[in-house]
Amino acid sequence: MTLLRDSRTLTWITVTLYWGCIVFGLTLPGVVTVTHGTYQRHGAFSEAWQEFRLDLFAPGYNLFLVGVLNAIPFIVLAVFILLHLGSAAKREPEIVSRRLIGVAGALVVAVGLSAWVHIGTTLYPDAQGALAYFFLPIYLLGLIPLGYACGRLIGKITLRAPRPRPRNSAEDGSGTESSSSRTAP
Amino acid sequence: MTRRQRGLHLVALLALIGGLGLFYWQSTGARAVPALAEALNDEDAKVRIAAAQTLAEIGSGAGAAVPGLLNQALHDRVLYAGTSAARALRNIDLIAARQVMTAYLPALNAEDVQTRRSACAMLEGLGPVARPAVPALVRALDDPSETVRIHAVGALGEIGIPATLVIPALLKALHDPARAVRQRALSQFAFSIPATEAVVPHLKQLLEDEDRGIAALALSALSSRQRQAKDPTAVYVTLLQTGNASDYALRQLAQIGPEAADTLPVLIPVLQHQRSLYRYLAAEGLGAIGPGATDAVPALIATLQDADSVVRDSAADALDAIGTPEARQAAAAHRHSEGSR
């Protein structure tokens, strides 16, 4: 929480998440393909890489297009992260934390679903597998806000604003509890 | 983060998207041809195969790669690399594809079984462009080698035209002593050659075959015929109108023959298509329709001036098949002028 008071740290987190999100979305299909190819060839990475390069624009494979399709929801999420976290520095640390947890929820959904689909279609390929690549961005664009909402909910539950301490009646002489200074998120 | 910093990151993202677009633009279409032509000389057969397949997708815009593809089709030691090059050539340059066919035809009579098998596979790769090879492939059905007969059946199915020669040959293959040859012939009727009335009794007979695979294929072929019994051309007309799988649809129409006479309004405009393979198949289709395609005579006479000699010859054959005095006269004049050239 103290770290988030430092605007440089928050900027660093925002920029890392922003570019990480874009790079992950673009490269995930390729990484899965090359890793699977290397495993199939008992560690021959160069062969797997060459095959990936050949299939980048090859008819029937077009891994470049698959990468772009996968990247679309991640780019949308990245822009959201940049605008949402990038403008949060002046806010209360609790609000920044809740936003971060919301973003983390969105990222978990996006990364989890995308990785599951790409690993699944690579390990168990079939004729209809390519349909998954077309529907994945649509599902992701619908589920990312849901992940964010879940994250915010978790944040709201776990990061409650500290209750103000009851003041000692001897200190202020009034003998009553203060009900001020409770910050609403 | 300041507003300026956020703006800079967004601009950087736009630059990345632009860069990716540029990379895609440079790596696809006719712009990729020089790099793909270079890849045809790669030591790795997989690279050569992938390059040939991508060039086939590019089609007539890949003319610069024809020498490399011709070399690969005629001399590559890996058969699949050669057949991939042949498939690409049929989409790019019909004359070069016919050169490959001419080079491999004598190999059908070679002593070595593997050479005969490779020749069949290459002719299969050329598809309907290898139509002049059909009589030789029909003779190859009597080859003593089962492997050669299997590949000859595959080549006949892929060429598909003229149906008047191909269908009787495949019918004969349905009764081949080797089960693999019978199965290959049957799969042609199930998936690529429309079964005619003459084929139906043979298919019904095979429904009772002890081999479940053969019986299932026979059932599939009969079902396919029943589905299209009402209007055999409708699905192909739709494919042509939507611009999908045009070469497949045109070849199917050419196989249907006179029954496809109602497709003239769709076939005639294809004679002007930029892809020579489509123009060739449209001319073949009109020729297969025969006298019913009289309305196509003016368009076919215009096609006698086509830039591609294979298309011109096919148009002349179609005019002969239509048989009106005007059509015959135009075809004869074309042959005379081609002969004097």
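Which residues does L170(B) touch, not counting residues up to four places away in sequence? Keep that in mind while you load the model, which is a predicted one, and we will come to the answer at the second stop.

**Stop 1: chain A on its own.** Select chain A and switch to cartoon. You will find 6 helices and 0 strands, so to speak an α-α-α-α-α-α pattern when read along the sequence. Colour by burial next: 30% of the 185 residues of chain A count as buried. If you have a contact map open beside the viewer, look away from the diagonal. Among the contacts in chain A with a separation of 6 or more, 73% are between residues 24 or more positions apart.

**Stop 2: the nonpolar cores.** Now show L170(B) as sticks. Its partners, with residues up to four places away left out, are V153(B), L156(B), G157(B), A185(B), Q188(B), F189(B) and I193(B). L170(B) belongs to the largest nonpolar core, which has 108 residues, and shares with L55(B) and L123(B) the distinction of having the most contacts inside it. Select residues 276-289 of chain B as well: this is helix α17, and its 9 residues are the largest share of that core. Another core lies apart from it, with 35 residues; to find it, pick L10(A), C21(A), A110(A) and L136(A), which are among its members. As background, nonpolar side chains tend to be buried together in soluble globular proteins.

**Stop 3: where the chains meet.** Bring both chains into view. The contact draws on 16 residues from chain A and 15 residues from chain B. On the chain A side, highlight α1 (7-40), α2 (45-55) and α3 (63-86), the elements that each give two or more residues. Colouring that side by class shows 12 nonpolar, 3 polar and 1 charged.

**Stop 4: the domains of chain B.** Colour chain B by its domain assignment: domain 1 (1-92), domain 2 (130-229) and domain 3 (234-340). Between domain 2 and domain 3 of chain B, the C-alpha centres are 26 Å apart. Where these two touch, 7 residues of domain 2 are in contact with 9 residues of domain 3. The domain 2 side has 5 nonpolar and 2 polar residues, with no charged ones.

**Stop 5: a loop residue.** Finish by centring on Q228(B), in the loop between α13 (212-227) and α14 (234-242) of chain B. Is Q228(B) buried or partly exposed? Q228(B) counts as partly exposed because 17 other C-beta atoms lie within 10 Å, where 20 or more would make a residue buried. Then draw a distance from its C-alpha atom to that of P194(B): the two are 34 residues apart along the chain, and the separation is 9.2 Å.

Methods: Residues are numbered from 1 along each chain as its sequence is written. Chains are lettered from A and ligands numbered from 1 in the order in which they are written. This is a predicted model: local features need pLDDT of at least 70, side-chain atom pairs count only at pLDDT 80 or more; totals for chains, interfaces and linings use all residues. Helices (H or I, at least four residues) and strands (E, at least two) are DSSP runs, numbered from the N terminus. Ala, Val, Leu, Ile, Met, Phe, Trp, Tyr, Cys and Pro count as nonpolar, Asp, Glu, Lys and Arg as charged, and the others, Gly among them, as polar. Domain bounds come from an automatic or database domain assignment. A residue is buried if 20 or more other C-beta atoms lie within 10 Å of its own, exposed if 12 or fewer, and partly exposed in between; C-beta atoms are placed from the backbone. A nonpolar core is a set of buried Ala, Val, Leu, Ile, Met, Phe, Trp, Tyr and Cys residues joined through C-beta atoms within 7 Å.
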